[in-house]
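Here's a quick briefing to read with the sequence and the model side by side. Have a look at the structure, then work through the points below.

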Amino acid sequence: MKINFSLEGKVAVVTGSTSGLGQGMAVGLAEAGADIIGIGSSSEQPETKQKVEDLGRKFYTISADLSEQDKIASVVKDSISKAGKVDILVNNAGIIRRNQAENFTDQDWDDVIDVNLNAVFRLTREFGKHMIENGSGKIINIASMLSFQGGLKVPAYSATKHAVAGLTKSFANEWSSKGVNVNAIAPGYMETANTAPIREDKDRKAYITSRIPQGEWGTPEDLKGPVVFLASEASSYVSGHILCVDGGWMGS
Ligand code: NAP
(Lines give C-alpha, C1' and ligand atoms only; values in the text may rest on other atoms or scores of the structure.)
Protein backbone atom coordinates (compact mmCIF):
# COMPACT_ATOMS: atom_id res chain seq x y z
CA MET A 1 0.00 0.00 0.00
CA LYS A 2 1.25 3.47 -0.90
CA ILE A 3 1.10 5.91 2.02
CA ASN A 4 -1.47 8.60 1.16
CA PHE A 5 -1.08 12.06 2.67
CA SER A 6 -2.88 13.75 -0.23
CA LEU A 7 -5.95 15.90 0.46
CA GLU A 8 -6.77 16.48 -3.23
CA GLY A 9 -10.54 16.87 -3.66
CA LYS A 10 -11.14 17.35 0.08
CA VAL A 11 -12.78 20.33 1.79
CA ALA A 12 -11.48 21.39 5.20
CA VAL A 13 -13.15 23.74 7.67
CA VAL A 14 -10.68 25.53 9.92
CA THR A 15 -12.05 27.70 12.72
CA GLY A 16 -9.91 30.64 13.80
CA SER A 17 -8.04 30.66 10.49
CA THR A 18 -7.61 34.45 10.44
CA SER A 19 -4.23 34.29 12.17
CA GLY A 20 -1.86 32.20 14.26
CA LEU A 21 -2.03 28.41 14.36
CA GLY A 22 -5.31 28.29 12.43
CA GLN A 23 -3.77 30.17 9.53
CA GLY A 24 -0.72 27.88 9.57
CA MET A 25 -2.91 24.76 9.51
CA ALA A 26 -5.22 26.14 6.79
CA VAL A 27 -2.17 26.75 4.59
CA GLY A 28 -0.75 23.30 5.41
CA LEU A 29 -4.02 21.58 4.47
CA ALA A 30 -4.14 23.60 1.22
CA GLU A 31 -0.53 22.61 0.45
CA ALA A 32 -1.70 18.98 0.71
CA GLY A 33 -4.51 19.73 -1.80
CA ALA A 34 -7.60 20.71 0.24
CA ASP A 35 -9.93 23.63 -0.38
CA ILE A 36 -10.49 25.63 2.79
CA ILE A 37 -13.49 27.13 4.55
CA GLY A 38 -12.07 29.60 7.07
CA ILE A 39 -14.24 30.63 10.00
CA GLY A 40 -13.42 33.63 12.18
CA SER A 41 -15.13 36.56 13.84
CA SER A 42 -13.32 38.97 11.48
CA SER A 43 -15.35 39.98 8.43
CA GLU A 44 -12.45 39.16 6.08
CA GLN A 45 -9.32 36.99 6.25
CA PRO A 46 -7.22 38.58 3.49
CA GLU A 47 -3.86 37.10 4.51
CA THR A 48 -5.07 33.51 4.83
CA LYS A 49 -7.21 33.78 1.69
CA GLN A 50 -4.20 35.01 -0.32
CA LYS A 51 -1.90 32.27 0.96
CA VAL A 52 -4.46 29.53 0.19
CA GLU A 53 -5.33 30.93 -3.25
CA ASP A 54 -1.62 31.27 -4.13
CA LEU A 55 -1.52 27.48 -3.80
CA GLY A 56 -4.31 27.15 -6.38
CA ARG A 57 -6.88 26.10 -3.78
CA LYS A 58 -10.29 27.68 -3.06
CA PHE A 59 -10.83 29.72 0.10
CA TYR A 60 -14.34 30.44 1.41
CA THR A 61 -14.68 32.91 4.29
CA ILE A 62 -17.38 32.51 6.89
CA SER A 63 -17.60 35.36 9.36
CA ALA A 64 -19.09 34.20 12.66
CA ASP A 65 -18.57 34.89 16.33
CA LEU A 66 -18.34 31.39 17.75
CA SER A 67 -19.25 32.64 21.22
CA GLU A 68 -22.82 32.94 19.87
CA GLN A 69 -24.07 29.41 20.26
CA ASP A 70 -27.38 30.01 18.49
CA LYS A 71 -25.45 30.82 15.28
CA ILE A 72 -23.55 27.52 15.10
CA ALA A 73 -26.22 25.58 13.19
CA SER A 74 -26.31 28.20 10.43
CA VAL A 75 -22.48 28.32 10.27
CA VAL A 76 -22.50 24.57 9.59
CA LYS A 77 -25.28 24.86 7.01
CA ASP A 78 -23.51 27.76 5.22
CA SER A 79 -20.22 25.87 5.16
CA ILE A 80 -21.73 22.77 3.57
CA SER A 81 -23.70 24.77 1.02
CA LYS A 82 -20.72 26.95 0.04
CA ALA A 83 -18.39 24.06 -0.78
CA GLY A 84 -20.94 21.27 -1.36
CA LYS A 85 -19.47 19.08 1.42
CA VAL A 86 -17.06 19.07 4.34
CA ASP A 87 -14.52 16.26 4.79
CA ILE A 88 -12.28 17.71 7.51
CA LEU A 89 -13.03 19.89 10.54
CA VAL A 90 -10.26 21.59 12.53
CA ASN A 91 -11.67 23.06 15.74
CA ASN A 92 -8.92 25.60 16.34
CA ALA A 93 -10.57 28.92 17.35
CA GLY A 94 -9.80 29.64 20.97
CA ILE A 95 -9.39 32.46 23.45
CA ILE A 96 -7.54 32.84 26.74
CA ARG A 97 -8.22 35.13 29.71
CA ARG A 98 -5.64 35.58 32.44
CA ASN A 99 -6.32 36.48 36.06
CA GLN A 100 -5.51 35.08 39.50
CA ALA A 101 -7.92 32.27 40.32
CA GLU A 102 -9.46 34.16 43.25
CA ASN A 103 -10.23 37.16 41.01
CA PHE A 104 -11.30 35.27 37.89
CA THR A 105 -14.66 36.74 36.83
CA ASP A 106 -17.85 34.96 35.79
CA GLN A 107 -17.73 36.86 32.51
CA ASP A 108 -14.23 35.62 31.66
CA TRP A 109 -15.22 32.08 32.67
CA ASP A 110 -18.35 32.12 30.47
CA ASP A 111 -16.60 33.72 27.47
CA VAL A 112 -13.82 31.14 27.44
CA ILE A 113 -16.20 28.19 27.95
CA ASP A 114 -18.38 29.38 25.05
CA VAL A 115 -15.63 29.70 22.42
CA ASN A 116 -13.26 26.95 23.56
CA LEU A 117 -15.75 24.29 24.59
CA ASN A 118 -19.42 24.91 23.78
CA ALA A 119 -18.67 25.86 20.15
CA VAL A 120 -16.32 22.88 19.76
CA PHE A 121 -19.00 20.50 21.02
CA ARG A 122 -21.71 21.93 18.75
CA LEU A 123 -19.52 22.21 15.64
CA THR A 124 -18.29 18.65 16.12
CA ARG A 125 -21.82 17.31 16.61
CA GLU A 126 -23.25 19.13 13.57
CA PHE A 127 -20.37 18.60 11.10
CA GLY A 128 -20.09 15.05 12.42
CA LYS A 129 -23.68 14.25 11.38
CA HIS A 130 -22.81 15.33 7.84
CA MET A 131 -19.64 13.21 7.85
CA ILE A 132 -21.49 10.16 9.19
CA GLU A 133 -24.01 10.54 6.35
CA ASN A 134 -21.07 10.66 3.90
CA GLY A 135 -19.46 7.63 5.56
CA SER A 136 -16.16 9.41 6.22
CA GLY A 137 -14.60 12.41 7.89
CA LYS A 138 -11.69 13.69 9.95
CA ILE A 139 -12.10 15.89 13.00
CA ILE A 140 -9.07 17.47 14.65
CA ASN A 141 -9.51 19.42 17.85
CA ILE A 142 -6.85 21.80 19.11
CA ALA A 143 -6.04 20.91 22.68
CA SER A 144 -3.05 22.25 24.66
CA MET A 145 -0.40 21.38 27.23
CA LEU A 146 -3.17 22.64 29.53
CA SER A 147 -5.19 19.55 28.55
CA PHE A 148 -2.74 17.81 30.92
CA GLN A 149 -1.48 20.56 33.26
CA GLY A 150 -3.23 23.35 35.18
CA GLY A 151 -1.16 26.36 34.14
CA LEU A 152 -1.10 29.67 36.01
CA LYS A 153 -3.90 32.28 36.06
CA VAL A 154 -5.88 30.46 33.33
CA PRO A 155 -8.49 28.32 35.13
CA ALA A 156 -11.15 28.58 32.40
CA TYR A 157 -8.67 27.92 29.60
CA SER A 158 -7.26 24.90 31.40
CA ALA A 159 -10.76 23.55 32.14
CA THR A 160 -11.80 23.86 28.50
CA LYS A 161 -8.64 22.25 27.15
CA HIS A 162 -8.98 19.31 29.56
CA ALA A 163 -12.59 19.03 28.34
CA VAL A 164 -11.51 19.15 24.68
CA ALA A 165 -9.31 16.10 25.35
CA GLY A 166 -12.30 14.31 26.89
CA LEU A 167 -14.63 15.30 24.07
CA THR A 168 -12.11 14.03 21.53
CA LYS A 169 -12.04 10.58 23.10
CA SER A 170 -15.78 10.53 23.68
CA PHE A 171 -16.69 11.35 20.06
CA ALA A 172 -13.95 9.02 18.77
CA ASN A 173 -15.44 6.09 20.68
CA GLU A 174 -18.82 6.55 19.00
CA TRP A 175 -17.79 7.58 15.51
CA SER A 176 -14.64 5.66 14.54
CA SER A 177 -16.79 2.68 13.48
CA LYS A 178 -18.79 5.09 11.27
CA GLY A 179 -15.78 6.27 9.24
CA VAL A 180 -15.16 9.45 11.22
CA ASN A 181 -11.81 9.79 13.00
CA VAL A 182 -11.69 12.24 15.90
CA ASN A 183 -8.27 13.20 17.22
CA ALA A 184 -6.57 16.22 18.76
CA ILE A 185 -3.32 18.12 18.49
CA ALA A 186 -1.89 19.54 21.71
CA PRO A 187 0.51 22.33 20.76
CA GLY A 188 3.23 23.31 23.19
CA TYR A 189 4.36 26.91 23.57
CA MET A 190 3.88 28.56 20.17
CA GLU A 191 4.63 32.09 18.98
CA THR A 192 1.18 33.61 18.34
CA ALA A 193 -1.01 36.43 19.72
CA ASN A 194 -2.31 33.96 22.34
CA THR A 195 1.11 33.79 24.03
CA ALA A 196 2.25 37.40 23.42
CA PRO A 197 1.72 38.48 27.07
CA ILE A 198 3.89 35.67 28.47
CA ARG A 199 6.59 36.24 25.84
CA GLU A 200 6.69 39.93 26.85
CA ASP A 201 7.60 38.87 30.41
CA LYS A 202 11.30 38.18 29.78
CA ASP A 203 11.86 36.07 32.92
CA ARG A 204 8.79 33.92 32.26
CA LYS A 205 9.75 33.46 28.61
CA ALA A 206 13.31 32.45 29.54
CA TYR A 207 12.04 29.99 32.16
CA ILE A 208 9.59 28.37 29.73
CA THR A 209 12.19 28.21 26.95
CA SER A 210 14.66 26.54 29.33
CA ARG A 211 12.08 23.78 29.94
CA ILE A 212 11.49 23.01 26.23
CA PRO A 213 13.87 20.17 25.26
CA GLN A 214 14.16 21.49 21.68
CA GLY A 215 15.17 24.86 23.18
CA GLU A 216 12.78 27.05 21.22
CA TRP A 217 9.09 27.95 20.91
CA GLY A 218 7.03 26.49 18.09
CA THR A 219 5.49 28.37 15.16
CA PRO A 220 2.27 27.90 13.13
CA GLU A 221 4.35 26.07 10.45
CA ASP A 222 5.13 23.34 13.00
CA LEU A 223 1.48 22.23 12.94
CA LYS A 224 1.30 21.73 9.17
CA GLY A 225 2.69 18.17 9.08
CA PRO A 226 0.72 16.91 12.11
CA VAL A 227 -2.60 18.33 10.88
CA VAL A 228 -2.11 16.93 7.36
CA PHE A 229 -1.29 13.53 8.88
CA LEU A 230 -4.46 13.51 11.00
CA ALA A 231 -6.57 14.79 8.08
CA SER A 232 -5.31 12.22 5.59
CA GLU A 233 -5.75 8.52 4.91
CA ALA A 234 -2.31 7.98 6.44
CA SER A 235 -3.92 8.20 9.90
CA SER A 236 -6.98 6.05 9.18
CA TYR A 237 -6.32 3.72 12.18
CA VAL A 238 -5.61 6.62 14.59
CA SER A 239 -8.59 7.37 16.82
CA GLY A 240 -9.09 9.34 20.04
CA HIS A 241 -5.41 10.29 20.12
CA ILE A 242 -3.98 13.54 21.47
CA LEU A 243 -0.81 14.30 19.55
CA CYS A 244 1.58 16.59 21.42
CA VAL A 245 3.50 18.95 19.12
CA ASP A 246 5.58 20.58 21.79
CA GLY A 247 9.33 20.31 21.16
CA GLY A 248 9.39 17.58 23.81
CA TRP A 249 7.70 19.54 26.67
CA MET A 250 5.39 16.76 27.87
CA GLY A 251 8.20 14.26 28.12
CA SER A 252 10.51 16.56 30.08
P1 NAP B 1 -4.60 33.48 18.03
O2 NAP B 1 -3.45 33.87 17.19
O3 NAP B 1 -5.13 34.42 19.06
O4 NAP B 1 -5.76 33.01 17.07
C5 NAP B 1 -7.04 32.72 17.54
C6 NAP B 1 -7.96 32.56 16.36
O7 NAP B 1 -9.27 32.27 16.83
C8 NAP B 1 -8.04 33.81 15.49
O9 NAP B 1 -7.88 33.42 14.16
C10 NAP B 1 -9.44 34.35 15.75
O11 NAP B 1 -9.97 34.86 14.52
C12 NAP B 1 -10.22 33.13 16.19
N13 NAP B 1 -11.25 33.47 17.17
C14 NAP B 1 -11.09 33.99 18.41
N15 NAP B 1 -12.29 34.21 18.98
C16 NAP B 1 -13.22 33.84 18.07
C17 NAP B 1 -14.63 33.85 18.08
N18 NAP B 1 -15.34 34.30 19.12
N19 NAP B 1 -15.28 33.42 16.98
C20 NAP B 1 -14.59 32.99 15.90
N21 NAP B 1 -13.24 32.95 15.83
C22 NAP B 1 -12.57 33.38 16.92
O23 NAP B 1 -4.26 32.18 18.88
P24 NAP B 1 -3.50 30.83 18.50
O25 NAP B 1 -2.35 30.72 19.41
O26 NAP B 1 -3.31 30.69 17.06
O27 NAP B 1 -4.57 29.78 19.04
C28 NAP B 1 -5.25 28.87 18.21
C29 NAP B 1 -5.66 27.67 19.03
O30 NAP B 1 -4.50 27.01 19.51
C31 NAP B 1 -6.49 28.01 20.27
O32 NAP B 1 -7.48 27.02 20.47
C33 NAP B 1 -5.47 27.96 21.38
O34 NAP B 1 -6.05 27.69 22.61
C35 NAP B 1 -4.61 26.83 20.90
N36 NAP B 1 -3.27 26.75 21.48
C37 NAP B 1 -2.36 27.76 21.30
C38 NAP B 1 -1.10 27.64 21.86
C39 NAP B 1 -0.03 28.70 21.70
O40 NAP B 1 1.02 28.56 22.32
N41 NAP B 1 -0.24 29.71 20.91
C42 NAP B 1 -0.77 26.50 22.59
C43 NAP B 1 -1.72 25.51 22.75
C44 NAP B 1 -2.96 25.63 22.19
P45 NAP B 1 -10.77 36.25 14.49
O46 NAP B 1 -9.79 37.29 14.97
O47 NAP B 1 -11.21 36.41 13.09
O48 NAP B 1 -11.92 36.05 15.41
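Helix 1 has a long list of buried residues: L21, G22, Q23, G24, M25, A26, V27, G28, L29 and A30. That makes 10 of its 12 residues, so helix 1 is largely enclosed by the rest of the structure. Keep in mind that this is a predicted model.

**Helix 1 and what follows**

- End to end, the 12 residues of helix 1 cover 17 Å between the first and last C-alpha, close to the 16 Å you'd expect at 1.5 Å a residue.
- Right after helix 1 comes G33, with a positive phi of about 115 degrees.
- Helix 1 (20-31) also turns up among the elements that give two or more residues to the lining of the largest pocket.

**V228, a contact of helix 1**

- V228 sits in helix 8, which runs over residues 224-231.
- Its relative accessibility is 10%, under the 20% cut-off, so V228 counts as buried.
- Setting aside neighbours within four places in sequence, V228 is in contact with F5, G28, L29 and A32; G28 and L29 are also on the list of buried residues in helix 1.
- V228 and E31 are 197 residues apart in sequence, yet their C-alpha atoms are 9.1 Å apart in space.

**Helix 3**

- Does the length of helix 3 agree or disagree with the expected span? The 12 residues of helix 3 (72-83) should span 16 Å at 1.5 Å a residue, and the end C-alpha atoms are 17 Å apart, which agrees.
- The buried residues here are I72, V75, V76 and S79. Looking down the axis of helix 3, you'll find its buried residues within an arc of 100 degrees, so they line one face of the helix.
- On the face turned away from that buried side, helix 3 carries the exposed residues K77 and S81.
- The cover over the buried residues of helix 3 includes strand 1 (11-15), strand 2 (35-40), strand 3 (59-63) and helix 4 (106-134).
- G84 follows helix 3 and has a positive phi, near 90 degrees.

**The largest pocket**

- The largest pocket holds about 1200 Å³ of space.
- It is lined by 49 residues, and the closest to its centre are I96, Y157, T192, N194 and T195.
- Besides helix 1, the elements giving two or more residues to this lining are strand 2, helix 5 (155-175), helix 6 (196-200) and helix 7 (202-211).
- Which element gives the most to the lining of the largest pocket? That's helix 7, with 4 residues.
- By residue type, the lining of the largest pocket divides into 24 nonpolar, 18 polar and 7 charged.
- T195, one of the residues closest to the centre of the largest pocket, belongs to the loop between strand 6 (180-187) and helix 6.
- With a relative accessibility of 8%, T195 counts as buried. Leaving out neighbours within four places in sequence, T195 is in contact with R98, M190 and W217.

**The second largest pocket**

- The second largest pocket has a volume of about 210 Å³.
- Its lining is made of 16 residues, of which K10, K138, A231, S232 and E233 are the closest to its centre.
- That lining of the second largest pocket splits into 3 nonpolar, 8 polar and 5 charged residues.

**G188 and V245**

- G188 lies in the loop between strand 6 and helix 6, while V245 is in strand 7 (residues 242-245).
- Are these two buried or exposed? V245 counts as buried at 16% relative accessibility, and G188 is buried with a relative accessible area of 15%.
- Not counting residues up to four places away in sequence, G188 touches M145, V245 and D246.
- On the same terms, V245 touches I185, A186, P187, G188, M190, D222, L223 and P226.
- The C-alpha atoms of G188 and E47 are 24 Å apart, with their positions 141 residues apart in sequence.
- For V245 and R122, 123 residues apart along the chain, the C-alpha separation is 25 Å.

**A positive phi outside glycine**

- Most residues other than glycine have a negative phi.
- K153 has a positive phi of about 65 degrees although it is not a glycine.
- You'll find K153 in the loop between strand 5 (137-142) and helix 5.

Technical notes:
Residues numbered from 1 in each chain as written. Predicted model: local features only at pLDDT ≥ 70, side-chain atom pairs only at ≥ 80, totals over all residues. Heavy atoms only, no water. Expected span 1.5 Å × (residues − 1). Buried < 20%, exposed > 50% of the residue type's maximum accessible area, 1.4 Å probe, protein only. Arc of directions from axis to C-beta. Contact = heavy atoms within 4.5 Å. 1 Å grid on protein atoms, 1.4 Å probe; cavity = no way out; pocket = protein on both sides within 12 Å on 5 of 7 lines; lining within 4 Å. Points joined across faces, edges and corners; volume = space filled by probe spheres on them. Nonpolar A, V, L, I, M, F, W, Y, C, P; charged D, E, K, R; others polar.
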